[in-house]
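Please look through the model below with an eye to how its aromatic side chains and its helices are arranged. The paragraphs that follow take these topics in turn.

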Amino acid sequence: MTIDAKLDTAEIARYARHIVLPEVGGAGQQKLKAARVLVIGAGGLGAPVLQYLAAAGVGTLGVIDDDVVSLSNLQRQVIHATADIGRPKVESAILAINALNPHVTAAMHHTRLEVRNAEEIFRQYHLVIDGSDNFDTRYLAADTAEAVQVPLITGAVGRFDGSVTVLKPYETDSDGHPNPSYRDLFPAPPPPGVVPSCAEAGVLGALTGVIGTLQAMEAIKLITGIGEPLVGRLLLYDALAAQFSTIRYRRGAA
């Protein structure tokens with residue numbers, strides 16, 4: 001599907017604070033309009049990702065999630081409202097996207113990401129952002145994005161800590177070395193039960209906003225071609241200490 005990236009008068013006014021930035025400008029805003037981005041999960045991470053990318057003018061936002069809104073979600077999943085309890089999260093998220101920016105096309109995938117459908121769905125998009133909350137989906141997303149050669153921005157949170165990285169393992173760095181993959185960073189998922197879920201351990205709601213917003217920022221950088229994306233770097237955030245740190249990682253020898 002081809003999107004007409006020409007900006008109309010209303011869009012120029014809406015995105016004026018982007019367009020005035022020399023690094024973005026009209027050309028960058030047109031790239032955002034032409035972009036097709038898939039967000040895995042309309043939960044704690046997916047909520048701010050979807051809100052900020054919709055506000056930024058990403059032309060097509062796909063949302064994949066098979067869950068429904070529950071009362072316990074609302075402490076952090078800010079794209080949903082109390083009236084949405086019981087509604088599929090993809091429906092609630094798309095209603096919020098449409099209300100925020102009518103210039104954005106929202107695509108709904110009311111299903112779970114699985115081996116049987118992952119490649120078909122990923123091939124419809126230029127960029128994938130993983131906001132899932134389980135290791136099976138994270139590894140499937142990383143393996144599929146590498147196979148179909150689309151960038152993947154993956155994030156994770158737990159209690160008071162979060163992390164973000166950008167994966168483009170099908171490309172090389174400036175020195176000609178292959179970029180690392182997700183499995184270079186995390187070779188295998190931990191055994192079941194070792195890492196407690198957010199439901200078991202808890203998570204501070206605002207933390208998901210920090211990490212999700214960082215994911216949205218990395219997406220805008222990738223789409224517009226500005227800055228240095230977090231390729232080969234894992235950004236860590238300690239909310240209690242108000243401290244960011246970065247770990248560099250490389251392609252494995254295997």
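Both tyrosine 139 and tyrosine 182 are buried in this model, which is a predicted one. These two residues take part in one of the three aromatic pairs that the structure holds. Their ring centres are 5.0 Å apart and their planes stand at 75°, so the pair is edge-to-face, given that planes over 60 degrees apart are classed in this way. The pair joins distant parts of the chain, since tyrosine 139 belongs to helix H7 (residues 135-148) whereas tyrosine 182 belongs to helix H8 (residues 182-185), 43 residues apart. Phe186 is also involved, as ring pairs link Tyr139, Tyr182 and Phe186 into a cluster.

Aromatic rings also lie beneath charged groups in this model. The charged end of arginine 138 sits over the ring of phenylalanine 135, at 5.1 Å from the ring centre. In a second case, the charged end of arginine 36 is placed over the ring of tyrosine 125, and here the distance to the ring centre is 5.2 Å.

Turning to the helices, one can begin with helix H4 (residues 46-56) and helix H10 (residues 205-224), whose axes come within 8 Å and cross at roughly 40°. That angle makes H4 oblique to H10, because it falls neither under 35 degrees nor in the range of 65 to 115 that counts as roughly perpendicular. The crossing of H4 and H10 is right-handed. On the H4 side the contact involves Pro48, Val49, Tyr52, Leu53 and Ala56, and these meet Thr208, Gly209, Gly212, Thr213, Gln215, Ala216, Ala219 and Ile220 in H10.

H10 also packs with helix H3 (residues 25-34), at an angle of about 110° and with the axes 9 Å apart. H3 and H10 are therefore roughly perpendicular to each other. In this packing, Gly28, Lys31 and Leu32 of H3 make the contact with Ile220, Ile223 and Thr224 of H10. Ile220 thus appears in the contact with H4 and in the contact with H3.

A last place to examine is the loop between strand S4 (127-130) and H7, where glycine 131 lies. Is this glycine 131 buried or exposed? Its relative accessibility is 13%, so glycine 131 counts as buried, the cut-off being under 20%. Leaving aside residues up to four places away in sequence, glycine 131 touches Ile40 and Leu45. Arginine 36, already met over the ring of tyrosine 125, is 95 residues from glycine 131 in sequence and 17 Å from it in space, C-alpha to C-alpha.

Notes
Residues are numbered from 1 along each chain as its sequence is written. This is a predicted model: local features need pLDDT of at least 70, side-chain atom pairs count only at pLDDT 80 or more; totals for chains, interfaces and linings use all residues. Side-chain values use heavy atoms; hydrogens and water are left out. Rings of Phe, Tyr and Trp (its six-membered ring) pair if their centres lie within 6.5 Å; planes under 30 degrees apart count as stacked, over 60 as edge-to-face and the rest as tilted. Helices (H or I, at least four residues) and strands (E, at least two) are DSSP runs, numbered from the N terminus. Buried means under 20% relative accessible area, exposed over 50%, partly exposed in between (1.4 Å probe, protein chains only). A charge sits over a ring if NZ of Lys or CZ of Arg is within 6 Å of the ring centre and within 35 degrees of the ring normal. Axes are lines fitted to C-alpha atoms, for helices over the stretch in contact, and angles run from 0 to 180 degrees between N-to-C directions. Angles under 35 degrees count as roughly parallel, over 145 as roughly antiparallel, 65 to 115 as roughly perpendicular and the rest as oblique. A crossing is left-handed if the near helix is turned anticlockwise from the far one by less than a right angle, and right-handed if clockwise. Contact means heavy atoms within 4.5 Å.
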